[in-house]
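Here are a few exercises to work through with the model open in your viewer. Try each one before you read its solution.

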Amino acid sequence: MQGIAAVYTGANKPLEIRRYPILEPDIDEARLKLGISGICGTDLHILKGRLGIPGPLILGHEFIGSIDALNKENAIDGLGQSIALGDNVIACVAIPCGKCFSCQRGETASCLNFGVTYFKNPDIAPHFFGGYSDTLFSPLSNIVKIPIDINIEAVAAFPCAGPTIIRACAYAGDLEKDEIVVVQGTGAVGLFAIAWAKAAGCEVIAIGSGSSPKRMQLAESFGAETIIDYKTTTPEERIEIVKKKANEMNRGDGADVVIEASGAPSAVPEGINLLRTRGRYLIPGQYSSSGTVNISPEIITFRALQLIGSGQFTLADIKTYLDFLSTHPELQEKFASVITHRYTIDQAEMAMNAVDTGEVGKAVFINK
Ligand SMILES: [Zn+2]
Ligand SMILES: [Zn+2]
């Protein structure tokens with residue numbers, strides 16, 4: 001039996017379709033069969049050489065599949081939940097070291113020596129280490145069981161963006177009911193942030209681009225009360241809209257929380273200006289080096305602002321994401337609707353090109 005994978009061999013080269021034998025898992029691994037595996041913006045950054053990562057390796061860190069083989073009795077996932085053949089699981093790729101200053105403090109999402117499960121040469125057995133494949137070997141300590149009441153298409157909408165926002169909010173002291181939350185950007189991170197803030201009882205203002213009407217629609221259906229098109233408004237007008245809302249709600253001189261989810265450096269100076277005094281700015285969206293910006297730091301001082309970065313998440317944050325879907329079943333269909341394009345592994349090149357054009361809502365790999 002052979003499995004198939006799309007292999008990244010280096011920046012700006014087409015993905016290579018390769019086949020390898022499907023082997024048995026090691027004692028501390030599970031062999032997973034592809035259910036649905038997301039293509040993330042980070043993959044495109046790698047492919048375009050923006051992160052300087054050498055090949056060969058199999059890209060993809062959003063693999064959701066069913067357990068196809070185990071080599072151990074009474075196996076448990078990374079959170080100690082019992083798992084069995086056929087269970088749906090999500091495979092997390094991050095390996096915090098467990099020993100560094102952050103890990104020792106329990107802040108494993110900010111490990112100083114992060115490893116990942118998939119930066120391995122696929123020519124080496126058992127070959128399938130990354131998400132762009134129909135088979136995956138994952139350490140048991142990296143998998144999280146998906147409850148049976150959750151549609152895996154809903155999970156696949158934000159497997160990375162969801163826990164990323166959950167962690168950023170945890171670092172920022174969680175969102176409170178009635179807070180005004182401005183979300184900059186309506187990509188995956190932004191859309192999940194809207195749903196999360198809405199569920200927390202916040203008043204949500206989303207800033208997106210009118211040239212992506214589908215995303216603006218999603219922002220609305222996910223619960224944003226106010227949606228601003230940044231292409232047809234000026235930064236001053238946007239500040240005005242936010243201040244007016246704060247005034248109406250009697251909540252100070254701006255937004256309680258701004259979440260940067262656009263990835264555009266220019267969003268940051270604006271985000272600072274949207275905050276109320278003592279407001280919290282969460283910055284989990286700047287995922288590649290895209291340039292520098294000018295800010296006036298005295299605003300941070302005089303308005304006592306809090307700027308909070310966050311780039312990773314923990315297995316517990318994945319569990320929180322899954323529990324969120326369980327406790328909000330009405331969101332499952334909405335989340336699943338984010339997926340607009342489905343490809344088989346042998347169509348990987350086509351998939352990457354489609355994602356690169358930006359027309360795609362969310363693209364995923366599925367089994368034939
Ligand atoms: Zn991702
Ligand atoms: Zn560590």
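**Exercise 1.** By class, how many nonpolar, polar and charged residues does the lining of the second largest pocket have?

*Solution.* Keep in mind that this is a predicted model. Start with the space itself: the second largest pocket has a volume of about 170 Å³. Next, look at who sits around the centre. The lining counts 14 residues, and the closest to the centre are A94, P96, T108, T314 and L315. Then check the elements: β7 (94-95) and α10 (315-327) each supply at least two residues of this lining. Now sort by class, and you get nine nonpolar, five polar and no charged residues.

**Exercise 2.** Find the largest cavity and work out which strand gives the most to its lining.

*Solution.* The count comes to one cavity of 30 Å³ or more. The volume of the largest cavity is about 70 Å³. Of its 15 lining residues, A91, V93, T117, F129 and L136 are the closest to the centre. Strand β9 (residues 135-139) gives the most, with four residues. Sorted by class, the lining of the largest cavity has nine nonpolar, six polar and no charged residues.

**Exercise 3.** Trace the open sheet of six strands and say which strands stand at its edges.

*Solution.* Walk across the sheet, and the order reads β13-β12-β11-β14-β15-β16, with parallel pairing. Now count partners: β13 (226-229) and β16 (306-309) each have a single partner strand, so one side of each lacks a neighbour in the sheet, and these are the edges. From one strand to the next, the twist averages 15 degrees.

Zoom in on one pair. β11 (residues 180-184) and β14 (residues 255-260) run in the parallel sense and share four bridges; V182 has V258 in β14 as its bridge partner. Finally, add the helix: α8 (residues 267-274) packs on the sheet and touches β11, β12 (203-208), β14, β15 (275-283) and β16. The direction of α8 makes about 145 degrees with that of β15.

**Exercise 4.** Are the rings of F192 and W196 stacked or edge-to-face, and why?

*Solution.* The structure holds 12 aromatic pairs, and here we take one of them. The ring centres of F192 and W196 are 5.8 Å apart, and their planes lie at 25 degrees; planes under 30 degrees apart count as stacked, so this pair is stacked. To place the pair, go to helix α5 (residues 188-199): F192 and W196 both lie there, four residues apart, which is about one turn of the helix.

Terms used:
Residues are numbered from 1 along each chain as its sequence is written. Chains are lettered from A and ligands numbered from 1 in the order in which they are written. This is a predicted model: local features need pLDDT of at least 70, side-chain atom pairs count only at pLDDT 80 or more; totals for chains, interfaces and linings use all residues. Side-chain values use heavy atoms; hydrogens and water are left out. Two strands pair if DSSP finds at least two bridges between them. Axes are lines fitted to C-alpha atoms, for helices over the stretch in contact, and angles run from 0 to 180 degrees between N-to-C directions. Contact means heavy atoms within 4.5 Å. On a 1 Å grid over the protein atoms alone, a cavity is a set of points where a 1.4 Å probe fits but cannot get out, and a pocket is an open set with protein on both sides within 12 Å along at least five of seven lines; lining residues have an atom within 4 Å of a point. Grid points are joined across faces, edges and corners, and a volume is the space filled by probe spheres set on the points. Ala, Val, Leu, Ile, Met, Phe, Trp, Tyr, Cys and Pro count as nonpolar, Asp, Glu, Lys and Arg as charged, and the others, Gly among them, as polar. Rings of Phe, Tyr and Trp (its six-membered ring) pair if their centres lie within 6.5 Å; planes under 30 degrees apart count as stacked, over 60 as edge-to-face and the rest as tilted.
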